[in-house]
Amino acid sequence: MPRYTVHVRGEWLAVPCLDAQLTVGWLGREAVRRYIKNKPDNGGFASVGDVRFLVRRCKGLGLLDNEDLLEVALEDNEFVEVVIEGDTMSPDFIPSQPEGVYLYSKYREPEKYIALDGDSLTTEDLVGLGKGHYKIKLTPTAEKKVQKSREVIDSIVKEKTVVYGITTGFGKFARTVIPTSKLEELQFNLVRSHSSGVGKPLIPERCRMLLALRINVLAKGYSGISLETLKQVIKVFNASCLPYIPEKGTVGASGDLAPLSHLALGLIGEGKMWSPKSGWADAKYVLEAHGLKPVVLKPKEGLALINGTQMITSLGCEAVERASAIARQADIVAALTLEVLKGTTKAFDTDIHAVRPHRGQIEVAFRFRSLLDSDHHPSEIAESHRFCDRVQDAYTLRCCPQVHGVVNDTIAFVKNIITTELNSATDNPMVFASRGETVSGGNFHGEYPAKALDYLAIGVHELAAISERRIERLCNPSLSELPAFLVAEGGLNSGFMIAHCTAAALVSENKALCHPSSVDSLSTSAATEDHVSMGGWAARKALRVIEHVEQVLAIELLAACQGIEFLRPLKTTTPLEKVYDLVRSVVRPWIKDRFMAPDIEAAHRLLVEQKVWEVAAPYIEKYRIEHIPESRPVSPTAFSLEFLQRKSTKIPESEDL
């Protein structure tokens with residue numbers, strides 16, 4: 001007998017269907033009838049007949065025709081949503097989809113696997129797992145380590161040894177010994193009571209990253225989880241069943257308890273879950289729809305699932321990768337601005353940077369030379385002012401290697417810490433199978449990633465600060481020799497006037513967000529946990545800072561391309577013309593004022609998807625090959641030939657490079 005899971009005003013109802021010839025409209029009415037029946041006030045309706053509604057799939061949000069037969073329109077056990085007319089404007093309306101669900105609207109189950117061993121996960125791997133590019137499996141070595149670790153826990157339980165979190169309570173209750181008959185209940189109670197976060201749920205990408213990272217840590221074999229349970233968790237990940245995890249509530253020691261507890265809550269079939277098939281629904285329904293059973297926690301397993309820094313680290317991983325991407329592209333955007341403002345390339349001379357040999361500074365100067373070298377890439381714009389009387393440029397142009405360079409070095413420093421944290425055991429107590437014992441410690445403390453991510457926010461922000469000043473120079477006719485605000489018929493048209501204000505607003509907001517969260521600490525758990533990292537906020541605000549940086553540079557990219565329009569028919573260098581062509585493929589020139597926000601978003605998307613880097617990188621790398629002695633040392637964040645080959649980006653042989 002077919003059954004459907006129906007979402008009505010925040011309630012999930014299992015509706016059996018005795019007759020396959022019934023219609024979608026019948027399913028909607030039956031779901032509303034059951035909803036009204038369960039409500040003391042009938043949900044505010046006198047009868048089902050008073051209710052007007054639409055029915056749509058939770059997967060993809062496609063509307064269904066009420067006259068279609070259920071056997072034709074829906075699969076057995078499919079998740080659907082009844083949207084009652086007027087509810088979408090009500091503050092009580094709860095959609096079945098999370099923010100950012102468009103990322104999964106075309107979700108396809110991945111075919112490739114990443115084998116996790118707890119020791120070799122990279123930031124790139126974790127971002128790929130978050131995007132749904134891979135499933136997970138364990139290496140044979142990891143399986144053996146997990147089994148050995150569990151044997152220690154089983155021995156502790158059998159011998160009734162008093163060990164924190166296994167046979168005792170938690171935090172202030174660490175000295176309370178729990179009877180053997182209640183050890184499993186202890187783990188369920190831990191997960192339920194600690195699921196106390198607030199705020200928006202993590203978007204699917206971030207939830208997948210968090211779940212994948214916790215699996216990687218458990219695979220190290222120091223947590224005491226059973227192999228059976230860990231494999232259940234992996235099946236949940238591979239089915240893309242993602243628990244409802246509020247983004248706020250962690251103080252970053254003892255680990256990220258609240259968010260990881262919400263993660264574990266979904267695994268045990270409680271709370272809410274989301275999958276591309278179901279949208280948001282009760283976790284037990286989502287698991288059942290994917291042929292999965294809720295995890296039944298054994299002694300220590302609740303603690304094994306929730307004790308660690310994986311919320312801070314997984315968000316930090318995304319922050320590092322996005323920071324790396326925007327830092328590379330900031331050099332390209334700034335080089336384009338320098339061309340438009342008719343700046344000089346003398347400040348990027350090899351010898352200048354060799355006598356102040358910071359790795360990031362040397363790499364940024366090299367990128368500028370690779371994009372602007374008129375002997376390598378002839379530029380008609382550069383040639384037009386070759387004999388001008390200008391001696392040097394403003395700091396925002398001349399000092400890009402020094403300012404952008406330290407950002408590159410900051411990212412490299414932070415990436416090293418985050419990569420170490422990705423592959424670290426952060427439980428308490430730690431289970432050492434080789435010693436046959438558990439040891440209590442403090443690896444759950446999030447100070448390392450918290451401090452690093454505060455530093456990342458401060459460093460990357462400078463890309464926006466200097467970019468905003470370059471936007472000012474582009475828009476100000478007394479500094480640019482271009483029309484005011486980069487538009488014809490100024491006065492009638494305002495051009496980039498308020499786009500620059502947006503950039504200034506974002507930079508100002510970043511100044512507040514860059515205040516380090518890790519300088520704060522509040523004592524918790526009755527002074528048992530008397531120093532914490534506040535790393536959750538460090539990670540979340542680092543991501544906000546980086547997004548603002550991307551948006552400011554998107555505005556500069558648009559402004560620089562618009563400046564090119566006023567220098568035509570002169571052309572810039574070949575790689576920068578390619579960047580211009582890319583932008584013009586999604587945003588047309590400004591002839592007169594128009595709705596600007598969509599254009600900013602389109603440019604932002606080019607940067608987020610690294611399209612600007614992809615078109616310029618082949619030229620940078622070809623220049624590197626031809627100038628190997630001068631391009632050393634290369635920053636750890638420099639683009640590699642290996643990545644280029646992976647992207648299969650080629651330079652047309654016909655182009656004069």
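Two strands are taken to pair if DSSP finds at least two bridges between them. With that in hand, the sheets of this predicted model can be read strand by strand. Strands β9, β11 and β12 form an open sheet, arranged in the order β9-β11-β12 with antiparallel pairing. Its edges are β9 (242-243) and β12 (279-282), each of which pairs on one side only. The contact between β9 and strand β11 (residues 272-275) is antiparallel and consists of two bridges, which meets the cut-off of at least two. Within this region, Pro243 faces Met273 of β11.

A second antiparallel pairing is found at strand β1 (residues 3-8) and strand β2 (residues 11-16), which are joined over six bridges. Tyr4 has Val15 in β2 as its bridge partner. The two strands make a hairpin with two residues between them, and in that turn Arg9 adopts a positive phi of about 50°.

Turning to the helices, α6 offers a neat check on geometry. The helix covers residues 204-218, and its 15 residues, at 1.5 Å a residue, should span 21 Å; the C-alpha atoms at its ends are indeed 21 Å apart, so expectation and model agree. Helix α6 is also mostly covered, with 14 of its 15 residues buried. One of the residues of α6 is Arg214, which counts as buried because its relative accessible area is 1%, under the 20% limit.

Arg214 has a charged partner. Its side chain meets that of Asp427 in a salt bridge, at 3.0 Å from N to O. Because Arg214 lies in helix α6 while Asp427 sits in the loop between α16 and β13 (430-432), this pair ties together parts of the chain that are 213 residues apart in sequence. Asp427 also has a relative accessible area of 1%, and is therefore buried.

The Arg214 pair has company: the count for the model comes to 35 salt bridges. Another links Lys415 and Glu124, whose side chains meet at 2.7 Å, N to O. This pair, too, connects distant parts of the chain, with Lys415 in helix α16 (residues 400-422) and Glu124 in helix α3 (residues 123-130), 291 residues apart. Lys415 is classed as partly exposed because its relative accessibility is 23%, and Glu124 is likewise partly exposed, with a relative accessible area of 39%. Both values fall between the limits of 20% for buried and 50% for exposed.

A further salt bridge brings together the side chains of Arg594 and Asp599, at 2.9 Å from N to O. Asp599 counts as buried because its relative accessibility is 10%. Salt bridges with shared partners also build one network, whose members are Asp331, Glu363, Arg367, Glu621 and Arg624.

Lys37 completes the picture. This residue belongs to helix α1 (residues 24-38). Its relative accessibility of 64% is over the 50% limit, so Lys37 counts as exposed. From Lys37 to Ser324 the C-alpha to C-alpha distance is 55 Å, and 287 residues separate the two in sequence.

Methods: Residues numbered from 1 in each chain as written. Predicted model: local features only at pLDDT ≥ 70, side-chain atom pairs only at ≥ 80, totals over all residues. Heavy atoms only, no water. Helix = DSSP H or I, 4+ residues; strand = E, 2+ residues; numbered from the N terminus. Expected span 1.5 Å × (residues − 1). Buried < 20%, exposed > 50% of the residue type's maximum accessible area, 1.4 Å probe, protein only. Salt bridge = Lys/Arg side-chain N within 4 Å of Asp/Glu carboxyl O.
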